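Q: Please pick one part of this structure and look at it closely. Then show me how that part sits in the rest.

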Amino acid sequence: MQASEKILRSCVHCGFCTATCPTYLLLGDELDSPRGRIYLIKDMFENGRPATKEVVRHVDRCLSCLSCMSTCPSGVNYMHLVDHARAHIEKTYQRDWTDRLMRAMLAAILPYPNRLRWALALAGFARPFAGLLRPIPKLGARLAAMLELAPWRLPPRTTLDHPQTISATATQRGRVALLSGCAQPVLNPDINEATVRLLTRMGLEIVLPEGEGCCGALVHHIGKEDQAHAAAKRNIDAWCAEIDGKGLDAIVITASGCGTSIKDYGFMFRNDPAYAEKAAKVSALAKDVTEVVSRFGLPDTTRKPDLVVAYHSACSMQHGQQIKDEPKKLLKAAGFQIRDVPEGHICCGSAGTYNILQPEIAGRLRARKVGNIMKMSPEVIATGNLGCMTQIGKGLREAQHTVPILHSVELLDWATGGPMPPVLVERGFAEPAPTAIAAE
Ligand code: SF4
Ligand code: SF4
């Protein structure tokens, strides 16, 4: 509570943050702005009250995109405040049964790759009936959104789905752990496979430690603090065993949403005598893959694809981790033409489970984002977060655009000697001629 009181005191209510808040932009209600939510949370905490229906409605509509934190001149840590408010809501407010059912289902499935695989297989059968579910009051739109986000077919299992150590393919310069994650290896194993090829080519040994799994972010954002902390502690134990063993130069994360959470483990466990030090150590080593590639240096390019790439910066990348230029610099160095997306600071509406729990707002943000991206006439879209890829991918299909969306690391791997990303093969992209370095 002390931390939240300090945050509440630091807000001077200037309202600068309202200009960059996606929900205020769409809904125009002060209570759907950061300042309005801060007022509601302040009132709840200062009076020691349980959450009310009004507080829940407006906090639930918050994307946790953290655009307000990038804008705030007073350094208000809205992330920690809204996380605390969500945990308080979970403990003090009785949601209606449809809400409880949806949240329990998401928390029981998404963090567990095997359960998710089964659920997606079932979703494949149910998907044609998504439209029939939509009229069901309170539940229908969410169930339909969930089915429509599920892929038509699941990719095959990755060989990176179990603990292992992968040797560097060049002279070894370091040793890193790679977060396998939960939903990402099921939905898009190409991302971590491209990461492994790229990092080993850079001379990094990669370990996928025993016991590591979901970072806890998905459940943390729906207020399930105990479940999130248990997941975080499992990871901290797994990574600390490696740090204390052969040592680690970094913990590499390929989903910026997970990166924001893992970088916050130090704060999460600051008052836990058994975990405070270990969590701070893990947070200090946690790096987005583009930070690691920048630090160790991009390998020489073997082909110059020269494609026009619209770079979509995920909120968790630009606002959560304040990583703004590294991915674009790397893509440019690899030979791509980078175009910034107008209104790039505004969320695409993915936001963890937001696009399932708040499908109407998420749908409006998705359409707005796709419209802005397509103004750049890209040949390819790049980003650093699977959630955004899924959300924008759905928007592209809805608007009947065929431009592919990929993770930045897939493009970096391709330009420096990896195979053409499968999505580009499927869409008939031509393999560019080898560069002089590769031809020598
Ligand atoms: S959060 Fe920051 S920008 Fe927003 S009202 Fe408070 S001080 Fe102003
Ligand atoms: S996190 Fe995003 S949606 Fe929530 S108040 Fe801040 S800017 Fe608005």
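A: Start with the shell around ligand 2. By class, the shell holds 9 nonpolar, 3 polar and 1 charged residues. (Ala, Val, Leu, Ile, Met, Phe, Trp, Tyr, Cys and Pro count as nonpolar; Asp, Glu, Lys and Arg as charged; the others, Gly among them, as polar.) This is a predicted model: local features need pLDDT of at least 70, side-chain atom pairs count only at pLDDT 80 or more, and totals for chains, interfaces and linings use all residues. Residues are numbered from 1 along each chain as its sequence is written, while chains are lettered from A and ligands numbered from 1 in the order in which they are written.

In total, 13 residues surround ligand 2. (Near means a C-beta atom, placed from the backbone, within 6 Å of the molecule.) The closest are Cys21, Pro34, Cys62, Cys65 and Cys68. Which helices supply at least two residues each to this shell? Helix 2, helix 3 and helix 5 do. (Helices are DSSP runs of H or I, at least four residues; strands are runs of E, at least two; both are numbered from the N terminus.)

Now turn to ligand 1. Its shell has 14 residues, and Cys11, Cys14, Cys17, Cys72 and Val76 come nearest. Helix 3, residues 34-46, gives the most to this shell, with 3 residues. Helix 3 also supplies at least two residues to the shell around ligand 2. By class, the shell around ligand 1 divides into 10 nonpolar, 3 polar and 1 charged.

Step back to the domains. The protein chain is divided into domain 1 (2-92), domain 2 (99-149), domain 3 (164-293) and domain 4 (300-439). These bounds come from an automatic or database assignment. The centres of domain 1 and domain 4 are 30 Å apart, taken over C-alpha atoms. Even so, the two domains touch. On one side, 14 residues of domain 1 are in contact with 12 residues of domain 4. (Contact means C-beta atoms, placed from the backbone, within 7 Å.) On the domain 1 side, helix 2 (22-27) and helix 5 (67-71) are the elements that give two or more residues. Helix 2 has the largest share there, 4 residues. This side of domain 1 divides into 7 nonpolar, 5 polar and 2 charged residues. Helix 2 and helix 5 each appear in the shell around ligand 2 as well.

How does the whole chain look? It has 26 helices and 9 strands. Its C-alpha atoms fill a box of roughly 70 × 50 × 45 Å along the principal axes. For 440 residues, a compact globule would have a radius of gyration near 22 Å, and the chain agrees with 21 Å. (The radius is taken over C-alpha atoms; the globule rule is 2.2 Å times the number of residues to the power 0.38.) Of the 440 residues, 48% count as buried. (Buried means 20 or more other C-beta atoms within 10 Å; exposed means 12 or fewer; partly exposed is in between; C-beta atoms are placed from the backbone.) Among contacts between residues at least 6 apart in sequence, 78% join residues at least 24 apart.

The largest nonpolar core has 121 residues. (A core is a set of buried Ala, Val, Leu, Ile, Met, Phe, Trp, Tyr and Cys residues joined through C-beta atoms within 7 Å.) Val176, Ile251 and Val252 have the most contacts inside this core. Beyond four places in sequence, Ile251 touches nine residues' worth of names, including Val176, Leu179, Trp239 and Ile262.

Glu212 shares two of those partners. Outside four places in sequence, Glu212 touches Leu179, Ser180, Asn235, Ala238 and Trp239. Glu212 is found in the loop between strand 3 (204-208) and helix 13 (217-220). Is this residue buried or exposed? Glu212 counts as buried because 24 C-beta neighbours lie inside 10 Å.

Helix 10, residues 140-149, is mostly covered, with 7 of its 10 residues buried. Among the buried ones are Arg142, Leu143 and Met146. The buried residues of helix 10 pack against several helices, including helix 7 (97-109) and helix 22 (359-374).

Two loop residues end the tour. Asp306 has a positive phi of about 50° although it is not a glycine. Gln400 is not a glycine either, and has a positive phi of about 60°. Gln400 counts as exposed, with 6 C-beta neighbours inside 10 Å.
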